[in-house]
Each structure stands twice: as C-alpha cells, then as structure tokens.
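Trainee: I should like to learn how to read a structure that is new to me. May we go through its features in turn?

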Amino acid sequence: MGTLRILSGMRPTGKLHLGHYTGALESWVEQQNQRNEAGERVYETCFLIADYHNLTTSLETGEIYTNTLDMLIDWLAAGVDPEKSPVFRQSQVKEHTELFLLFSMLITSSRLERNPTLKDQIRDLNMESLTYGHLGYPVLQAADILLYKGNVVPVGEDQLPHVEITREIARRFNNLYQHPILGEVFPEPAPKITKFSRLPGLDGKAKMSKSLGNTILLSDSLEEIAKKMRTAVTDTRKVRKNDPGHPEVCTVFSYHEKFAPEEQLSEIEAGCRSGSLGCVDCKKMCAANIAAELSPLVEKRAYYETHMELVKSILLEGEAKARAIARTTMQEVRTAMKLGEITC
C-alpha cells in the first residue's frame, strides 16, 4: 500500500497544555517516527497550523503570529521533526480556500447543521448566532485533509463527526468527477482514535482549556505545576485524609493513570481506596511525575526560544513543501472537474 499520509493540525492559540500533549502531540511524534519491520516509515506526516479556523470563533488576529510561533515551539520541543514532517500555516497555502469553495458546493447546509460537534460548540461557547464560516468549519477541515490526500486522521471521539463529513465529501467528489488517469482523486480517510484524547481539566468539569483556566502548560515549571495541582478537584466524598477514596471519580487519579510509573500507580490506587494516602500527598506525587515528564520539553523549549530565526525558517520551509503538494492536488482536481480546459 505504500506509506499512509496523516494530516493533523491545531489552531494557533499560543502555548500548549497537557491536554494537547496527551490528546495529540504524543501521537503525532509516535506516528512520525513509527517504522515497519522493513525499517520504512509507516506514516508520512504533515502538521497544519489552522489559523483560518481561528476566525470561526474570534475575529481577533493581532496575536495570531505570536501564538503561532509559541505553539510551533511546543511542537518542536515535544519531538515534531520538520525534516520528516512539514509544519505550515493554513493561510500561507492558498489552495486550502480554493478547495474549500469547491467542496462547499458538494454538501447541504442542513447536513452541516446536523453536525453534533457544532451543536456542542454553540452550547459550550454560549453563541447566540452562527456565521457561515463556523457552519462550514468541517468543510474547510475536509479541504485541509484532502488537499494533502490524508489517509488517516488522528482525532478524539468528539471530532469523529467531522471525519465522517470529510469522507462523505471525498466520496461525493469521486462519484461526480473522475481524473482521466488517476480515476478517483481523493482517498476516504479513516479516523484513528487517540488513547488519551480527553484529559480532564483541573476543575474536573471539562477537558483542559485555557479559556476555562483549568490547564497545566507544557512550559510550566515544577513550582507552577505544584501550585496548580493544589487546586485540582478530587473525590468529594474523601473529606479527611483517612477517609477511603474512589480513584475512578478523581481528576488527579486520571492524571496518575497517564504520568505515574506502573508500579507506583497500583500503590496510589490502593492507598487512596484504603485511606492511607491523603489528597495532599497524592497531588504532590502527581505534580512531580508530570514535571519529570515535561522536563525535556521545557529544556528544548528554552533552546528554541533563544533561536527564533531557526523557528521562523522551519515554518517557511514547511510552507514551501506544503504548497508543492497542494498545487499538484489542485491541478488534479481541476483536471477531473474540467475546469480551465482550453479546447480548439
């Protein structure tokens, strides 16, 4: 089958948090470096900075470039390798908007209005009105993925409806338009659910979000992590230290499941259930384990922060690579659709 291509992306919201790390970055780096028995890469990876998508919920653009660089530094610190994986801004590859326009003709507004992810966003953001761009968010996302002919889309469960819309658009295009040589232009990408796709925030009420103030940043120091961890919600039925706890309902224990060594995890669970482990000590252990995991990232981040010209050049080189792929795809699209043909 050859190497499968993955297109993943994030909106440029600045420095990233643990939810980004466990829900996306770890998987990105693993997929980027995964090799088969013959030593060949399993996936060809491309990583998108989705700055157009920012506009669906906010028209403020003054900090987009600064936030882009901050986010890119976190990507690089986490192990994204620009030699293997082009990194680029959506706005700097104009073919995204061209393919978005064409795809908009292939799907109805009623289909987009039935998107459950959209309904959740409207509820969570307390939105009183919906822009055309926000309604068409999954169509632009389909253009992002299919422009690079993504075969696999790593997502959390909440994004599965968007992948299904992408598959529907690819299928409809292929049914309507055939390339004279290639036949079908687009693959129907398959979703790949990430294991830790929804790390809860410190408040225990929702996934981590900077707008909710319930995050631990990848760039936080041990002291900052410990301070934030002290505010984390635990089992409300464990009032006193010696009270037996219920790890399955504790936000802090969900972090332990990700960051604690396996042998320590079983001790923490047993100590919590028996009442021998108090929440204060439990949080201290959790903060130490998180800090240990993030320590190499913090060190790499410090390097890139003092080499900003390198970061900027990585971005520009990635955009040149992305434009080359995008131009080829759009030429195939125009050929299949017979757009721009010149006949005698």
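Mentor: The discussion below moves from the whole chain to individual helices and residues. Please keep in mind that this is a predicted model.

Trainee: Which elements of secondary structure does the chain have, and how many of each?

Mentor: One begins with an inventory of helices and strands. The chain has 14 helices and five strands.

Trainee: What does the radius of gyration say about the chain?

Mentor: The radius is compared with the value for a compact globule of equal length. For 344 residues that value would be near 20 Å, and the chain has 22 Å, which agrees. The extent of the C-alpha trace can be read beside it: along the principal axes the trace spans about 85 × 45 × 45 Å.

Trainee: What share of the residues is buried, and how much area does the chain expose?

Mentor: A residue is called buried when its relative accessible area is under 20%. By that cut-off, 48% of the 344 residues are buried. The exposed area of the chain is about 17200 Å², of which carbon and sulfur atoms supply 52%.

Trainee: How should I read the contacts in terms of sequence separation?

Mentor: One asks how far apart in sequence the touching residues lie. Taking contacts between residues at least 6 apart, 77% join residues at least 24 apart.

Trainee: How many positive and negative side chains are there, and how far apart are the centres of the two sets?

Mentor: The chain has 41 positive and 46 negative side chains. The centres of these two sets lie 2 Å apart.

Trainee: How many disulfides does the chain have?

Mentor: A disulfide requires two cysteine sulfur atoms within 2.5 Å of each other. On this criterion the count is zero. Cys-279 illustrates the point: the nearest cysteine sulfur belongs to Cys-250 and is 6.2 Å away, and Cys-279 is in no disulfide.

Trainee: Are Cys-46 and Cys-279 buried or partly exposed?

Mentor: Cys-46 counts as buried because its relative accessibility is 1%. Cys-279 is partly exposed, with a relative accessible area of 23%.

Trainee: Which helix could serve as an example of burial?

Mentor: Consider α8, in which 11 of its 11 residues are buried. Among them are Tyr-137, Pro-138, Gln-141, Asp-144 and Leu-147.

Trainee: What follows α8?

Mentor: The general idea concerns the backbone angle phi. Most residues other than glycine have a negative phi. Here α8 is followed by Lys-149, whose phi is positive, near 55 degrees. Lys-149 lies in the loop between α8 (137-147) and β4 (152-155). With a relative accessibility of 22%, Lys-149 counts as partly exposed.

Trainee: Where does Lys-338 lie, and what is its phi?

Mentor: Lys-338 is in the segment after α14 (308-337). Its phi is near 60 degrees, a positive value in a residue other than glycine. At 54% relative accessibility, Lys-338 counts as exposed.

Trainee: Why is helix α11 described as largely enclosed by the rest of the structure?

Mentor: One counts the buried residues of the helix. In α11 (residues 251-259), eight of the nine residues are buried, so this helix is largely enclosed by the rest of the structure. The buried residues include Val-252, Phe-253, Tyr-255, His-256 and Phe-259.

Trainee: Which helices do the buried residues of α11 pack against?

Mentor: They pack against α1 (18-33), α10 (222-229), α12 (262-274) and α13 (279-305).

Trainee: Which residue of α10 might we examine, and how does one compare separation in sequence with separation in space?

Mentor: Glu-224 is found in helix α10 and is partly exposed, with a relative accessible area of 39%. Glu-224 and Glu-332 are 108 residues apart in sequence, and their C-alpha atoms are 51 Å apart in space. For another pair, Glu-168 and Leu-118, the separation is 50 residues along the chain and 17 Å between C-alpha atoms. Glu-168 lies in helix α9 (residues 160-176) and, at 25% relative accessibility, counts as partly exposed.

Trainee: What does Ala-206 touch, residues up to four places away in sequence not being counted?

Mentor: Ala-206 touches Pro-200, Gly-201, Leu-212 and Asn-214. Its place is in the loop between β5 (190-193) and α10. At 31% relative accessibility, Ala-206 counts as partly exposed.

Terms used
Residues are numbered from 1 along each chain as its sequence is written. This is a predicted model: local features need pLDDT of at least 70, side-chain atom pairs count only at pLDDT 80 or more; totals for chains, interfaces and linings use all residues. Side-chain values use heavy atoms; hydrogens and water are left out. Helices (H or I, at least four residues) and strands (E, at least two) are DSSP runs, numbered from the N terminus. The radius of gyration is taken over C-alpha atoms; the globule rule is 2.2 Å times the number of residues to the power 0.38. Buried means under 20% relative accessible area, exposed over 50%, partly exposed in between (1.4 Å probe, protein chains only). Contact means heavy atoms within 4.5 Å. Accessible areas come from the Shrake-Rupley method with a 1.4 Å probe; for residues, only the protein chains shown count as cover. Lys and Arg count as positive and Asp and Glu as negative; His and the chain ends are not counted. The place of a charge is taken as NZ of Lys, CZ of Arg, CG of Asp or CD of Glu.
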